[in-house]
Amino acid sequence: MKFVKKQQDGNTAVLKTSEKKAKEALPPWKILVVDDETDIHAMTQLGLKDFQFADRPLRILQALSGTEAQAILKAEPDIAVALIDVVMETDDAGLRLIDFIRNELKYVLIRLIIRTGQPGMAPEREVIERYDIDDYKNKTELRVDKLYTTMRMALKSYRDLVTLDSNRRALRKILEAVPEFHHAQSLNQFFNGILIQMIGLCNLGEHSLIYTIDSGLVISAEDHHVVVQSGTGRFAPTHEEPEEVERIRKICLAQILGETASQELPPGALLIPLEMDKKPMGFVYLENARHLNQADLDLIQIMTQQCASALENLRLYFDLKEANQKTLKLLEMTEQARQEADSARHEAELANQAKSRFLANMSHELRTPLNAIIGYSEILQETAEDLEQGDEFTLDLQKIQNAGKQLLGLINEVLDLSKIEAGKMEVCLETFELKPMLNEVVAMVQPLAENRANTLTVALEENLGNLHTDLTKLRQMLLNLMGNAAKFTEHGQIRLEVKGDGEWVNFCVIDNGIGMTHEQQRKLFEPFTQGDSSMTRRYGGTGLGLAITQKFAQMVGGTLWAESQFGHGSTFVLSLPVFAKVPVANHSEEDPETSLQEEGIILVIDDDEIIRELFQEDLSKLGYAVAVAADGTQGLELVRKLQPDCILLDVNMPEIDGWQILSTLKTDSKSASIPVIMMSMNIDKQAGYAKGALDCLDKTMLHSQLPVILKKHHIGEHADGVVMVVDDDKMQREFTSKVLKNKGLQVLSLEHGQQVLAQLEHVQPVLILLDLNMPVMNGFELIEHLQKHDTWRSIPVVVLTSRNLTAEEGVSLNRHVATIFHKAEFQQQDFLWQIHQLVRKATVHKENEVKTDLELDQQG
């Protein structure tokens with residue numbers, strides 16, 4: 001037999017019992033006849049002799065008085081119907097018995113029928129109104145047919161009431177059991193609880209006082225494995241497992257696999273699946289459940305659903321607990337590894353510092369013997385010439401001298417790098433005239449250039465004046481750059497250009513030699529790096545020159561970067577401040593001169609990583625939010641996403657060059673109005689203007705030209721409105737206000753929505769930055785007020801909240817606010833970009849409104 005319960009979602013849950021149902025006699029209904037006339041008892045026995053209801057016969061109990069009936073009722077509490085005479089040992093003995101049943105014994109389910117032969121002694125209306133009875137009959141009415149009808153209706157009423165009562169108690173039991181399921185401390189406790197509660201539920205049924213279910217199993221199912229978790233009754237844990245258990249386990253496995261079981265359940269057995277999303281998670285097996293009716297099975301189904309849900313949650317909880325324990329263990333291991341790594345790094349740093357200190361302190365000991373070798377080789381050369389030893393002997397001495405000089409140069413470079421790493425390299429600033437120093441450097445490099453048949457040209461701006469920096473380091477930097485150009489160029493051109501603007505001096509070393517690949521440029525300034533092994537073998541060198549040059553430039557406040565095309569040459573740009581300052585570490589406060597002065601989003605599109613970093617650093621100091629892109633595709637994507645205030649675009653890039661990107665920007669209506677500044681070495685400004693560029697920037701002068709160009713075109717100068725910051729948290733309010741003020745915005749700080757409404761009468765903000773949880777008037781209430789006002793409705797609102805929004809709140813807010821930021825996930829850069837864009841839109845909208853009003857006034 002299968003009991004199928006239709007669920008609300010259309011699915012069906014099946015409670016299976018055995019196909020064979022034994023024909024076992026059900027317990028009889030108990031009927032109590034109370035009357036002082038023996039004839040009435042005999043007539044009742046005869047009239048109900050073969051009576052059956054719901055396949056159950058009657059068991060008639062007899063009492064000749066009210067007192068005798070009370071004794072029977074106390075001994076037999078499950079009587080279904082009582083036929084009671086009124087006048088017996090007293091005129092109201094029957095009525096007193098009714099009062100005893102209802103008020104003292106508290107039997108509310110038993111059906112009470114008055115059967116009287118003297119209606120005048122107990123008028124029907126008066127008895128029905130005063131006493132809790134279910135029917136009133138005259139003895140003359142209850143003939144055989146009428147008695148049969150009355151008894152059937154009474155038993156049907158009793159059965160339905162018992163079912164309702166057991167359902168009520170069962171539902172209460174389920175409600176009481178569910179929290180225990182969800183708070184089980186172990187799976188064993190959970191499975192034992194299921195079995196106890198399920199059997200207890202069955203024993204609340206219609207026949208619980210006569211018949212009980214006491215044997216059952218709980219079986220778990222996971223990954224096609226079925227395991228007996230709990231048993232009771234004859235399945236209680238013992239040394240030997242009953243044979244039926246294996247059969248039940250196989251039947252469960254067949255259900256999981258969707259197969260037909262080869263064996264059947266015992267007669268009257270019940271197998272209840274615990275399912276979640278139509279997937280069996282386990283089974284409850286009960287024996288001797290043949291007398292459970294459909295109402296009982298419906299209750300079992302409710303309990304089963306709760307058990308399955310609780311089991312799923314419990315498994316998730318234990319999985320999460322196990323994962324948490326593994327995570328904690330992993331964190332402990334990670335922390336231990338981090339400590340070991342910190343310790344190893346610290347030891348490595350100490351060793352590196354010791355190495356650097358050793359090399360720096362050994363400079364005299366290393367250089368002295370080498371200088372002696374070089375000096376004596378020169379003396380021997382002179383002696384050999386005086387003694388006329390011949391060219392071959394002199395040539396060998398020259399080789400010794402050249403090898404000594406090469407080794408001395410290598411040691412000098414290693415010592416310089418070691419000094420820098422050890423923090424012992426000193427900066428000696430002095431003021432000197434630039435041109436004589438440049439002439440000196442050119443004179444030193446000229447022979448190197450001529451050795452490889454190169455032409456060296458120099459282009460110096462007039463009025464270069466003096467420079468305040470480290471003269472020795474500048475000389476070494478220029479010698480390194482020009483020496484590299486001479487080394488990697490043959491039968492070519494080498495050019496030194498020096499430009500200045502009063503604040504910066506830019507030294508450009510340009511050659512048309514072998515150039516560099518992109519990979520070589522990426523590792524250009526790493527120590528001991530020089531292209532690849534084949535290049536080292538061909539051209540020689542240690543790969544330290546550029547690394548030292550870059551570090552020297554940084555030490556005097558400058559920068560070094562390069563552009564190159566493989567096979568076509570390279571350009572190195574050394575930018576130094578006219579008046580260098582020795583950097584002071586650990587500034588306690590920000591220099592007022594470098595504090596944020598501008599605001600706006602600038603996008604830099606350049607394939608040179610060093611250039612991108614330079615722009616990001618310089619523009620951030622000016623107060624701009626800077627985004628960078630390494631190629632045209634990434635740049636166009638960021639343009640669509642950020643809608644920047646200005647784009648700095650390199651001309652020479654692989655795949656898509658700057659002119660193609662400019663054309664794409666100007667033909668798209670969404671980006672056509674964005675100012676674009678083209679960048680390149682010796683850029684053709686007229687060509688740039690003709691193609692739609694706002695301005696053109698010579699990369700060699702970026703330190704001095706860039707701020708001037710941005711200022712000239714008023715990039716980012718449009719945020720002149722007031723932003724209201726509304727938050728009852730003082731610390732959060734002050735922090736947010738400070739971030740916005742640093743970006744040049746005017747900020748009005750308020751504590752709650754009521755203050756906002758008061759200020760809106762006098763101030764029209766371009767933006768309201770709003771918290772939701774506030775006293776007096778919260779964020780939701782303020783938004784509602786704003787939406788009701790024609791002027792205030794257009795003010796952009798940004799929600800900054802730590803509250804977890806419900807789906808309904810999210811939908812409601814999204815209709816009326818510009819965006820929502822969660823305080824726990826606050827990212828300052830994203831936040832400022834969003835605020836900037838909203839402020840810009842609001843300002844442009846306001847300007848358009850003013851323009852429209854002026855035009856209307858002129859027309860009028």
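In this predicted model, the buried residues of helix 15 are Gly545, Leu546, Ala547, Ile548, Thr549, Gln550, Phe552, Ala553 and Met555. Helix 15 spans residues 545–555, and 9 of its 11 residues are buried, so the rest of the structure largely encloses it. Gly557 follows helix 15 and has a positive phi, near 85°.

Helix 12 is also mostly covered, with 12 of its 17 residues buried. The buried set comprises Leu471, Lys473, Leu474, Arg475, Met477, Leu478, Asn480, Leu481, Met482, Gly483, Ala485 and Ala486. Charged side chains are thus named alongside nonpolar ones, Lys473 and Arg475 among them. From first C-alpha to last, helix 12 reaches 24 Å, close to the 24 Å expected at 1.5 Å a residue. At its start, a side-chain oxygen of Asp470 comes to within 3.2 Å of the backbone nitrogen of Thr472.

The largest nonpolar core holds 64 residues. Leu434, Leu474, Phe507, Leu574, Leu619 and Leu648 touch the most other members. Helix 12 (residues 471–487) supplies the largest share of this core, 8 residues. Leu474 belongs to the buried set of helix 12 and is also one of the core residues with the most contacts to other members. A second, separate core has 28 residues, including Ile72, Val87, Leu97 and Ile133.

Leu619 illustrates the packing in the larger core. Residues up to four places away in sequence aside, Leu619 touches Ile602, Val604, Tyr624, Val626, Leu648, Leu706 and Leu710. Two of these partners, Ile602 and Val626, are also paired with each other: Val626 in strand 21 is the bridge partner of Ile602. Strand 20 (residues 601–605) and strand 21 run parallel and are joined by 5 bridges. The chain passes from strand 20 through helix 16 (residues 609–621) to strand 21, in a right-handed β-α-β crossover. Strand 21 (residues 625–629) is largely enclosed by the rest of the structure, because 4 of its 5 residues are buried.

Two buried histidines were examined. His468 is found in strand 15 (residues 466–469). His468 has a relative accessible area of 15% and therefore counts as buried, the cut-off being under 20%. Beyond four places in sequence, His468 touches Leu429, Glu430, Thr431, Pro577, Val578, Phe579 and Ala580. His752 instead occupies the loop between strand 26 (746–750) and helix 22 (753–760). With a relative accessible area of 12%, His752 is likewise buried. A polar atom of the His752 side chain lies 3.3 Å from the backbone nitrogen of Gln754. Neighbours within four places in sequence aside, His752 is in contact with Val726, Met774, Pro775, Val776 and Met777.

Two loop residues other than glycine have positive phi. Asn463 has a phi near 60°. Asn463 sits in the loop between strand 14 (455–460) and strand 15. Its relative accessibility is 75%, so Asn463 counts as exposed. His491 has a positive phi of about 55° although it is not a glycine. The loop that holds His491 runs between helix 12 and strand 16 (493–500). His491 is exposed, with a relative accessible area of 63%. His491 thus contrasts with His752, since His491 is exposed and His752 is buried.

Elsewhere, an open sheet of 6 strands has the order 4-5-3-6-7-8 with mixed pairing. Strand 4 (52–53) and strand 8 (135–138) are its edges, each pairing on one side only. Strand 7 (residues 111–116) runs parallel to strand 8 and is joined to it by 4 bridges. Within this pairing, Ile113 has Asp135 of strand 8 as its bridge partner.

At the level of the whole protein, 25 helices and 29 strands are present. Of its 860 residues, 45% count as buried. Among contacts with a separation of 6 or more, 67% join residues 24 or more positions apart.

Conventions
Residues numbered from 1 in each chain as written. Predicted model: local features only at pLDDT ≥ 70, side-chain atom pairs only at ≥ 80, totals over all residues. Heavy atoms only, no water. Core = buried A, V, L, I, M, F, W, Y, C linked by side-chain atoms within 4.5 Å. Buried < 20%, exposed > 50% of the residue type's maximum accessible area, 1.4 Å probe, protein only. Contact = heavy atoms within 4.5 Å. Polar contact = N/O pair within 3.5 Å; in protein donor to acceptor, adjacent residues only side chain to side chain. Expected span 1.5 Å × (residues − 1). Pairing = 2+ DSSP bridges. Right-handed = clockwise from strand over helix to strand, strands pointing away.
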